[in-house]
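Me: Please take a close look at the charged side chains in this protein and how they pair up. I would like one connected account, with enough of the surroundings to place them.

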Amino acid sequence: TYGDWSSDVCSSDLTTPGWPSVATCGHGERLLNPVLLALTPWRENLDAASRSAIREALRRGAAWCLLHNGAQLRLVDAQRASAHRFVEFDVDLALDDERTFDALWSVASADQFVVDEATSQAPVDELVESADRHARDVSRALREGVLSASTDAVAAIVGRGVRPRAPLPVCFDQALTLVYRLLFLLFAEARGLVPQIGRAHV
């Protein structure tokens with residue numbers, strides 16, 4: 001709840017020019033990882049607000065920005081601003097869906113920013129590291145899978161006694177292109193971006 005934050009605000013400065021609703025918040029004496037809370041006008045686009053909030057967070061020494069426009073809640077990592085990564089929730093949907101609310105709470109509750117003295121990390125920092133490791137694992141698996149599939153495609157052609165018209169390196173490059181095109185199609189299909197007529201794709 002917002003009370004989880006507001007009841008433990010150590011200090012706030014609501015006099016920042018252009019940001020009348022900004023506060024740097026602490027969670028009692030436990031929060032060692034300051035967070036900038038920014039409230040924008042109703043449903044204001046958070047992209048532009050994020051850029052301003054990041055600058056303000058860096059000025060104040062805050063590691064994270066939590067922005068709210070009344071409808072969306074966005075958490076931005078001010079320390080890794082160049083990565084342009086954030087997590088955003090639709091508040092109405094989160095209140096209506098238990099799983100969505102659990103996800104929101106797991107990254108945006110005040111306790112997620114309390115630093116563990118033993119590890120010098122807050123739970124939210126551990127989430128970021130875990131996500132980065134997962135992204136690297138997926139990237140490596142995808143790269144290895146594409147190379148393996150391309151090799152299998154060339155081997156299938158050669159194994160059937162079909163004499164390639166081009167040298168094997170060229171055939172491999174063409175197989176690689178084919179595999180990437182299939183991946184792109186599957187990616188688009190999984191997200192409902194491929195037009196369909198009945199059961200057939202256009």
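Reply: What follows starts with the chain as a whole, then goes through the salt bridges, and ends with the surface patches.

The model is predicted. The protein chain has six helices and seven strands, and from the N terminus on they follow the order α-β-β-α-β-β-β-α-α-α-α-β-β. The chain has 202 residues, of which 32% count as buried. Its accessible surface is about 13300 Å², and carbon and sulfur atoms account for 57% of that. Among contacts between residues at least 6 apart in sequence, 42% join residues at least 24 apart.

Now to the pairs. There are seven salt bridges in the structure, including the one between Arg74 and Asp47, where the closest N and O atoms are 3.0 Å apart. Arg74 belongs to strand 4 (residues 72–77) and Asp47 to helix 2 (residues 46–60), so this salt bridge ties together parts that lie 27 residues apart in sequence. The two partners can also be placed by their accessibility. Arg74 has a relative accessible area of 6%, so this residue is buried. Asp47, at 38% relative accessibility, counts as partly exposed. The pair does not stand alone: Asp47, Arg74 and Glu88 are linked in a network of salt bridges.

Another salt bridge joins the side chains of Asp77 and Arg80, with 2.4 Å from N to O. Here the acidic partner is the buried one, since Asp77 has 7% relative accessibility, which is under the 20% limit for burial. Arg80 is partly exposed, its relative accessible area being 32%.

A further pair sits within one helix. Arg140 and Asp137 form a salt bridge in which the closest N and O atoms are 2.7 Å apart. Both residues are in helix 5 (residues 123–159), and because they are three residues apart there, about one helical turn separates them. Arg140 has a relative accessible area of 37% and is partly exposed. Asp137 is partly exposed as well, with a value of 39%.

What about charges on the surface that are not paired in this way? A patch of negative charge is formed there by Asp92, Asp96, Asp97, Glu98 and Asp102. Two elements, helix 3 (91–96) and helix 4 (98–108), each give two or more residues to this negative patch. Asp102 is the member to look at in helix 4. With 44% relative accessibility, Asp102 counts as partly exposed. Residues in a patch have over 30% relative accessible area and no salt bridge, so the value for Asp102 fits the accessibility part of that rule.

For contrast, the surface also carries a nonpolar patch of about 370 Å², made by Leu142, Tyr180, Leu183 and Leu186. Helix 6 (residues 168–190) supplies the largest share of this nonpolar patch, with three residues. Leu186 is one of the patch residues and is found in helix 6.

To go through the pairs on the structure, begin with Arg74 and Asp47, which connect strand 4 and helix 2, and add Glu88 to see the network. Then turn to Asp77 with Arg80, and to Arg140 with Asp137 in helix 5.

Definitions and conventions
Residues numbered from 1 in each chain as written. Predicted model: local features only at pLDDT ≥ 70, side-chain atom pairs only at ≥ 80, totals over all residues. Heavy atoms only, no water. Helix = DSSP H or I, 4+ residues; strand = E, 2+ residues; numbered from the N terminus. Buried < 20%, exposed > 50% of the residue type's maximum accessible area, 1.4 Å probe, protein only. Contact = heavy atoms within 4.5 Å. Areas by Shrake-Rupley, 256 points an atom, 1.4 Å probe, with all protein chains shown as cover. Patch = residues over 30% accessible without salt bridge, like charges linked within 9 Å, V, L, I, M, F, W, Y side chains within 5 Å. Salt bridge = Lys/Arg side-chain N within 4 Å of Asp/Glu carboxyl O. Lys, Arg positive; Asp, Glu negative; His and termini not counted. Charge placed at Lys NZ, Arg CZ, Asp CG, Glu CD.
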